[in-house]
Amino acid sequence: MVKNKIREANIYMIISKTFSGLNMNALKYLLPLWISPLMGVTLRCTFAALAFWIIGMFTKPETSSRREKILLFLLGALGIYGFMFFYLLGLSKTTPVSSSIFSSLQPIWVFILSVIFFKETITKMKITGILIGLGGALLCILTQKSDDLASDAFTGNLLCLLSSLAYAIYLIASNRILKHVGVMTMLRYTFSGAAFSAIIVSGFTGFETTLFTLPIHWKPMAVLAFVLIFPTVISYLLIPVGLKYLKTTLVAIYGYLILIVATITSLALGQDRFSWSQLIAVLLICSSVYFVEIAESKEKS
């Protein structure tokens, strides 16, 4: 029974991370020509919130206190919205490969924040991993030039860096709250909070978008539907299963799928060009996560 669950968890993580990689290419196609970055955040957060409330009507009821629901709502309003805000703004200015490089830094940020706030044990291997990872990020930020594929690579890369930090904060906080509440409760209230923030911000910036003007643009509409259904809803539903049945090290390694999928798809679609500096940055960040995760697993064993 447990073996079947582990097999399912592996399959779910592969599907989830593949969707996340393709998500970068799909969003790059949409931003900023068809939808603005802030409108993209509003659509994703609002659609996900509605989807999770509807799905929750057909799942087993979960108990949680009013205080926990308020905390989840605030976590979504700040954490998830902050992550998507920086992420879509950054992606609209840089390339999918670069944005995926910074997404891969999340395990490094999680460890650094755990050291600062929760007194996580520091080892030489972990410090080595952090320095290598930050070196890879710095290499990507300083060497990538703006061109026809990246309108403002420097700013875009910095925003993607901030998005990975925001998501790491969300992961740490949600992991601690998830010990006391169910997965569906967490998804419903965090995305409701994110949708609340998104609608308020869009109320000031405007809801206009080229995509929803006549005549109907079927191709970008199909791409948007893919983004809303697969990377936004299905991917977030599958991740908790992987976290429950797989080791942290394996989950972190699956994160490399985002890099691989985004890189192959970007080069195939002409959304990025091969760059030695990007390749070196990818290898450095993959090595850094390996150092931190392997050091952690050895320490626990």
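Helices here are DSSP runs of H or I at least four residues long, numbered from the N terminus. By that rule, F118 belongs to helix α5. One thing to know up front is that you're looking at a predicted model. The UniProt annotation, from an unreviewed entry, puts "domain: EamA" on residues 10-140 and 155-292. Take residues 10-140: that span is 80% helix and 0% strand, and the C-alpha atoms at its ends sit 31 Å apart.

**Helix α1 and what comes after it**

- Residues 2-30 make up helix α1, and N25 is part of it.
- Is N25 buried or exposed? Its relative accessibility is 4%, so N25 counts as buried.
- Which side chain does the side chain of N25 meet in a polar contact? That partner is S266, at 2.7 Å.
- S266 has company: setting aside neighbours within four places in sequence, N25 is also in contact with P96, V261, A262, T265 and Q271.
- Past α1, the peptide bond from L31 to P32 is cis, and its omega is near -15°.
- P32 itself is in the loop that runs between α1 and α2.

**Aromatic rings that bridge the chain**

- How many aromatic pairs does the structure hold? The count is 12.
- One of them joins F19 and F230 in a tilted arrangement, with 5.1 Å from centre to centre and 55° between the planes.
- Since F19 lies in helix α1 and F230 in helix α9 (residues 218-245), this pair ties together parts that are 211 residues apart in sequence.
- The two rings differ in their surroundings: F19 is buried, because its relative accessible area of 15% is under the 20% cut-off, while F230, at 30%, is partly exposed.
- F52 and F191 also form a tilted pair, 5.3 Å centre to centre and with 55° between the planes.
- That second pair links distant parts of the chain too, with F52 in helix α2 (residues 37-56) and F191 in helix α8 (residues 183-205), 139 residues apart.
- Both F52 and F191 are buried.
- Elsewhere, F83, Y87, Y167 and Y170 are joined into a cluster by ring pairs.
- W53 has a charged visitor: the charged end of R188 sits over the W53 ring, 4.7 Å from the ring's centre.

**Helix α2, an enclosed one**

- With 20 residues at 1.5 Å each, α2 should span 28 Å, and its end C-alpha atoms are indeed 28 Å apart, so the two agree.
- Why call α2 largely enclosed by the rest of the structure? Because 14 of its 20 residues are buried.

**Helix α5 and its end**

- The 13 residues of helix α5 (residues 106-118) should span 18 Å at 1.5 Å a residue, and the end C-alpha atoms are 17 Å apart, which agrees.
- Buried residues in α5 are Q106, I108, W109, F111, L113, S114 and V115.
- As background, an α-helix has 3.6 residues a turn, so residues three or four places apart point the same way.
- F118 is partly exposed, with 38% relative accessible area, because that value falls between the 20% and 50% cut-offs.
- Leaving out neighbours within four places in sequence, F118 has L113, I172 and R176 as contacts.
- K119 follows α5 and has a positive phi, near 55°.

**Helix α8 and its end**

- For the 23 residues of α8, 1.5 Å a residue gives an expected span of 33 Å; the end C-alpha atoms are 32 Å apart, which agrees.
- Just after α8 comes G206, which takes a positive phi of about 110°.

**I229 in helix α9**

- I229 is a residue of helix α9, and its relative accessible area of 36% makes I229 partly exposed.
- Where does I229 sit relative to A48? The two are 181 residues apart along the chain, yet 8.2 Å separates their C-alpha atoms.
- Not counting residues up to four places away in sequence, I229 touches F47 and I234.

How values were computed: Residues are numbered from 1 along each chain as its sequence is written. This is a predicted model: local features need pLDDT of at least 70, side-chain atom pairs count only at pLDDT 80 or more; totals for chains, interfaces and linings use all residues. Side-chain values use heavy atoms; hydrogens and water are left out. Helices (H or I, at least four residues) and strands (E, at least two) are DSSP runs, numbered from the N terminus. Buried means under 20% relative accessible area, exposed over 50%, partly exposed in between (1.4 Å probe, protein chains only). A polar contact is a pair of N or O atoms within 3.5 Å; within protein, one must be able to donate a hydrogen and the other to accept it, and residues adjacent in sequence count only if both atoms are side-chain atoms. Contact means heavy atoms within 4.5 Å. UniProt positions are given in the numbering used here, feature names are shortened, and annotations may be inferred rather than shown by experiment. Rings of Phe, Tyr and Trp (its six-membered ring) pair if their centres lie within 6.5 Å; planes under 30 degrees apart count as stacked, over 60 as edge-to-face and the rest as tilted. A charge sits over a ring if NZ of Lys or CZ of Arg is within 6 Å of the ring centre and within 35 degrees of the ring normal. The expected span of a helix is 1.5 Å times one less than its number of residues.
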